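Visitor: I am new to this structure. Please take one part and look at it closely with me, then show how the rest fits around it.

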Amino acid sequence: MRRLFTILLMAVTVMIFGQSLSASKLLQYANSQNILVISKELKQLGFQTKIDNSDGYPIYQFAKKTSRGLEKIEMGNNSELFMFIYKSETAVYEILKSKVLTSDFKYSYSYKNAKYYENKKMRIGADDKNGIISIFKPLK
């Protein structure tokens, strides 16, 4: 009975306080660049989706309301770059930022509220004011 209660308590905690995406999942998505597979996974996680073609290429927009707030994702690619933008709850943002910005990233520049960091493989933007992490990677 104690084991069942512990498992139930852990499951409820994860459902209430957990965000949908981890830092490793963000980096996995950036490396795979497979929009169809990523979209399918996000839909399985409960994200609602729509597509915006106003920039001349499709931008997939996802949103999910959780007990901690609204999670938003934008994903797409143009002729040069794959982009994945994730807006999470503030406390989760700080954790994700510390995990994706490893020591091989160097500060490159700032634009509006975001600071951008680069390594040889990708660029990551961190918007501390709005809790947004942006990942840009050259197309495969």
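In which helix is the place of Ser39?

Guide: Ser39 sits in helix H3, which covers residues 35–44. A word of caution comes before the details: this is a predicted model.

Start with the residue itself. Ser39 has a relative accessibility of 8%. The cut-off for buried is under 20%, so Ser39 counts as buried. Its side chain reaches the backbone oxygen of Ile35, at 2.8 Å. Now leave aside the neighbours within four places in sequence. Ser39 is then in contact with Tyr60, Phe62 and Met75.

Next, look at the helix beside it. H2 spans residues 23–32. The axes of H2 and H3 come within 9 Å. They cross at roughly 150°. Angles over 145 degrees count as roughly antiparallel, so H2 is roughly antiparallel to H3. Which residues meet here? From H2 come Lys25, Tyr29 and Ser32. From H3 come Ile38, Glu41 and Leu42. By class, this contact has three nonpolar residues, one polar residue and two charged residues.

Leu42 leads on to the core. The largest nonpolar core has 28 residues. Leu21, Leu42, Ile73, Met75, Phe84 and Ile124 touch the most other members. Met75 is also one of the contacts of Ser39. Several elements each supply at least two residues of this core, among them H2, H3 and E2. Strand E3 (69–77), strand E4 (81–87) and helix H4 (90–100) do so as well. So do strand E7 (123–127) and strand E8 (132–138). A second, separate core has five residues, including Ile59, Met83, Ala114 and Tyr116.

Stay with Ile73 for a moment. Residues up to four places away in sequence are not counted here. Ile73 touches Leu21, Leu42, Phe47, Tyr60, Gln61, Phe62, Phe84, Ile85 and Tyr86. Tyr60 and Phe62 were met before, as contacts of Ser39.

Gln61 is on that list too. Its place is in strand E2, residues 59–66. Is Gln61 buried or exposed? Its relative accessible area is 18%, and Gln61 is buried. The side chain of Gln61 makes a polar contact with the side chain of Glu74, at 3.4 Å. Beyond four places in sequence, Gln61 touches Gln48, Thr49, Lys50, Asp52, Ile73 and Glu74.

Now step back to the loop between strand E1 (48–52) and E2. Tyr57 has its place there. Its relative accessibility is 25%, and Tyr57 counts as partly exposed. Tyr57 touches Asp52, Asn77 and Asn78, again without residues up to four places away in sequence. Tyr57 and Asn77 are 20 residues apart in sequence. In space they are 7.3 Å apart, C-alpha to C-alpha.

Last, take in the whole chain. There are four helices and eight strands in the protein chain. Along the sequence, the pattern reads α-α-α-β-β-β-β-α-β-β-β-β. The protein chain has 140 residues, and buried residues make up 36% of them. Consider contacts between residues at least 6 apart in sequence. Of these, 44% join residues at least 24 apart.

Back to the starting point, then. Ser39 is a buried residue in H3. Its helix runs roughly antiparallel to H2, and H3 supplies at least two residues to the largest nonpolar core.

Conventions:
Residues are numbered from 1 along each chain as its sequence is written. This is a predicted model: local features need pLDDT of at least 70, side-chain atom pairs count only at pLDDT 80 or more; totals for chains, interfaces and linings use all residues. Side-chain values use heavy atoms; hydrogens and water are left out. Buried means under 20% relative accessible area, exposed over 50%, partly exposed in between (1.4 Å probe, protein chains only). A polar contact is a pair of N or O atoms within 3.5 Å; within protein, one must be able to donate a hydrogen and the other to accept it, and residues adjacent in sequence count only if both atoms are side-chain atoms. Contact means heavy atoms within 4.5 Å. A nonpolar core is a set of buried Ala, Val, Leu, Ile, Met, Phe, Trp, Tyr and Cys residues joined through side-chain atoms within 4.5 Å. Axes are lines fitted to C-alpha atoms, for helices over the stretch in contact, and angles run from 0 to 180 degrees between N-to-C directions. Angles under 35 degrees count as roughly parallel, over 145 as roughly antiparallel, 65 to 115 as roughly perpendicular and the rest as oblique. Ala, Val, Leu, Ile, Met, Phe, Trp, Tyr, Cys and Pro count as nonpolar, Asp, Glu, Lys and Arg as charged, and the others, Gly among them, as polar.
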